[in-house]
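Here is a quick walk through one protein chain and the ligand it holds. Have the structure open as you read.

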Amino acid sequence: MSDIDTILSTLELVAEEGIDVTEPTYKDFFEVSPESISLMEHMDHLMRGRMLNALIMMVMMPEGTPKVDVIHFEVKTHSANGVKPIMYLQLFQSFHKAVKGAIGDRWTSDQEGAWQREITQLMQRIEANFAAL
Ligand code: HEM
């Protein structure tokens, strides 16, 4: 199974069980990234929900030009709002943690590995895009 398929299977499990990871994701994110609270204070729950959906889409996208373009677009638009690379890492980690928490003791080392590799790869691209701004 590819890493993306493994990640998809974890997200499907969470969806099948009707668990909403939005709240735990942002709760953890604001704890580890207090600087992001003021950046996002004007965003209501709908905006925050749309942002998390966009993040989920990004994580689920297979390798290829559309994924590269989406990352480029998000870095470009967000950097104008003062979003820093570390904040992406913190948000990805908070999302990862929320999904892992929802799955509980069924979480496997393969799933952990797939998530870690995907976050590392996304961060390499995000940092490269920041460097090229
Ligand atoms: C891969 C990660 C991310 C994705 C895919 C993403 C996506 C989005 C999207 C789609 C919106 C528009 C929401 C709407 O429809 O109203 C948005 C807005 C916003 N995002 Fe993110 N975001 C990401 C990471 C971050 C991070 C790490 C921060 C740091 C705090 C952040 C801060 C914001 C802010 C402040 C806005 C509101 C901008 C405005 O007022 O127009 N985002 N994001």
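Let's start with who touches whom along the chain. Counting contacts in the protein chain between residues at least 6 apart in sequence, 86% join residues at least 24 apart. Keep in mind that this is a predicted model.

As for the overall build, the protein chain has 7 helices and 0 strands, so reading from the N terminus you get α-α-α-α-α-α-α. The radius of gyration of the protein chain is 14 Å, close to the 14 Å the globule rule gives for 133 residues, so the chain is as compact as a globular protein of that length. The C-alpha trace spans about 40 × 30 × 20 Å along its principal axes. Of the 133 residues, 16% count as buried.

At the front end sits helix α1, residues 3-16, with 14 residues. From first C-alpha to last, α1 reaches 20 Å, close to the 20 Å expected at 1.5 Å a residue. After α1 comes Gly18, whose phi is positive, near 65 degrees.

Now for the inside. Which residues make up the largest nonpolar core? There are 11 in all: Val21, Tyr26, Phe29, Val75, Tyr88, Leu91, Phe92, Phe95, Ala98, Val99 and Ile126. The elements giving two or more residues to this core are α2 (22-32) and α6, and the largest share, 6 residues, comes from α6. That fits a familiar pattern: in soluble globular proteins, nonpolar side chains tend to be buried together. Leu91, one of the core residues, touches Phe29 and Leu55, leaving aside residues up to four places away in sequence.

On to the ligand. There are 17 residues around the ligand, and Ser36, Met47, Arg50, Ala54 and Met87 come nearest. Four helices each supply at least two residues of the shell around the ligand: α3, α4, α5 and α6. Which helix gives the largest share of that shell? It is α4, with 6 residues. By class, the shell has 12 nonpolar, 3 polar and 2 charged residues.

Here are the shell helices with their residue ranges, for picking them out on screen:

| Helix | Residue range | Supply to the ligand shell |
|---|---|---|
| α3 | residues 35-40 | at least two residues |
| α4 | residues 45-60 | at least two residues |
| α5 | residues 65-79 | at least two residues |
| α6 | residues 85-103 | at least two residues |

Note that α6 turns up twice: this helix gives 6 residues to the largest nonpolar core and at least two to the shell around the ligand.

How values were computed. Residues numbered from 1 in each chain as written. Predicted model: local features only at pLDDT ≥ 70, side-chain atom pairs only at ≥ 80, totals over all residues. Near = placed C-beta within 6 Å. Nonpolar A, V, L, I, M, F, W, Y, C, P; charged D, E, K, R; others polar. Core = buried A, V, L, I, M, F, W, Y, C linked by C-beta atoms within 7 Å. Buried ≥ 20, exposed ≤ 12 C-beta atoms within 10 Å, placed from the backbone. Contact = placed C-beta atoms within 7 Å. Rg over C-alpha atoms; globule rule 2.2 N^0.38 Å. Expected span 1.5 Å × (residues − 1).
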